[in-house]
Amino acid sequence: MRYERRYSQQAYALGAIGWAREEADLQGGNEWWAVSRVEEHLAKVRNPGRPKPGRETDMVERLIKAADGDRGRHWAEGSEICGLVDKRGLAWLLIPAGKPDERLPLTPIEVLTAHYARGEKQRAWREHLTLLTELEAFAAVQADLEAPAEAVAAVLELVPDVHAAIDAAVADLRTRAVTGA
């Protein structure tokens, strides 16, 4: 007798999101490679079960619907789900292209990252939802003389975090000055 662990489409979707969040090396749509990586990720999870209510559930549902391709089946294979994350990353699950009204609620730093990340940081956001630091986001809004109201409001919410980051940096510099490191 051989034990074989099988996963539901929700588990594959949740696993693909978790795998991509861990800075996975996405290959651009290689379904079977992605499935094997996601299954490795899921093997470490005791109960891959169900997503948490709210945003995580919304992301899982969007991913399954997109992997289904609106074919009306209301389900998708693990390879379709994992391949889609491997190809498109994760940001589109929060902010569907061309559908701003369907955007999921974002934190202030997510709003700023989505708007201001460029180059490698933009790729990291798109693929893994990697955020800018509070200082990077603050500097980006400060430098943008035509920053949208949403960005200004978001950065103002981050001011206590920016102060904390500056205080930590100053403490580190003082330590380095004293130790000569």
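The following dialogue examines how the terms applied to this predicted model are justified.

Biologist: On what basis do local features and side-chain atom pairs count in this model?

Modeller: As the model is predicted, local features need pLDDT of at least 70 and side-chain atom pairs count only at pLDDT 80 or more, while totals for chains, interfaces and linings use all residues. Residues are numbered from 1 along each chain as its sequence is written, and side-chain values use heavy atoms, with hydrogens and water left out.

Biologist: What is the helix and strand content of the protein chain?

Modeller: The protein chain has 10 helices and 0 strands. Helices (H or I, at least four residues) and strands (E, at least two) are DSSP runs, numbered from the N terminus.

Biologist: What makes Arg 55 and Glu 110 a salt bridge?

Modeller: The term requires a side-chain nitrogen of Lys or Arg within 4 Å of a carboxyl oxygen of Asp or Glu. The closest N and O atoms of Arg 55 and Glu 110 are 2.6 Å apart, and the two residues form a salt bridge. This pair links distant parts of the chain, with Arg 55 in helix H3 (residues 55-68) and Glu 110 in helix H6 (residues 108-116), 55 residues apart.

Biologist: Why is Glu 110 called buried or exposed?

Modeller: Buried means under 20% relative accessible area, exposed over 50%, and partly exposed in between (1.4 Å probe, protein chains only). Glu 110 has 7% relative accessibility and therefore counts as buried. Its partner Arg 55, at 27%, counts as partly exposed.

Biologist: How do you know that Glu 136 and Lys 121 form a salt bridge?

Modeller: The closest N and O atoms of Glu 136 and Lys 121 are 2.9 Å apart, and the pair is a salt bridge. It links Glu 136 in helix H8 to Lys 121 in helix H7, 15 residues apart. Glu 136, at 28% relative accessibility, counts as partly exposed, and so does Lys 121 at 40%.

Biologist: Where do Arg 123 and Glu 127 lie?

Modeller: Both residues lie in helix H7, 4 residues apart, about one turn of the helix. Arg 123 forms a salt bridge with Glu 127, the closest N and O atoms being 2.7 Å apart. A network of salt bridges links Glu 120, Arg 123 and Glu 127. Within the pair, Glu 127 is buried at 16% relative accessibility, whereas Arg 123 is partly exposed at 29%.

Biologist: Why is the pair of Tyr 7 and Tyr 12 given its particular name?

Modeller: The structure holds 2 aromatic pairs. In one of them, the ring centres of Tyr 7 and Tyr 12 are 5.6 Å apart and the planes stand at 75°, so the pair is edge-to-face. Rings of Phe, Tyr and Trp (its six-membered ring) pair if their centres lie within 6.5 Å; planes under 30 degrees apart count as stacked, over 60 as edge-to-face and the rest as tilted. Tyr 7 is buried at 15% relative accessible area, and Tyr 12 is buried at 11%.

Biologist: What makes Arg 88 a charge over the face of Trp 92?

Modeller: A charge sits over a ring if NZ of Lys or CZ of Arg is within 6 Å of the ring centre and within 35 degrees of the ring normal. Arg 88 lies over the face of Trp 92, at 3.9 Å from the ring centre.

Biologist: Which residues does Thr 130 touch, beyond those up to four places away in sequence?

Modeller: With contact meaning heavy atoms within 4.5 Å, Thr 130 touches Glu 23, Thr 113, Ala 124 and Trp 125. Thr 130 lies in the loop between helix H7 (120-128) and helix H8 (134-143). Its relative accessible area is 26%, so Thr 130 is partly exposed.
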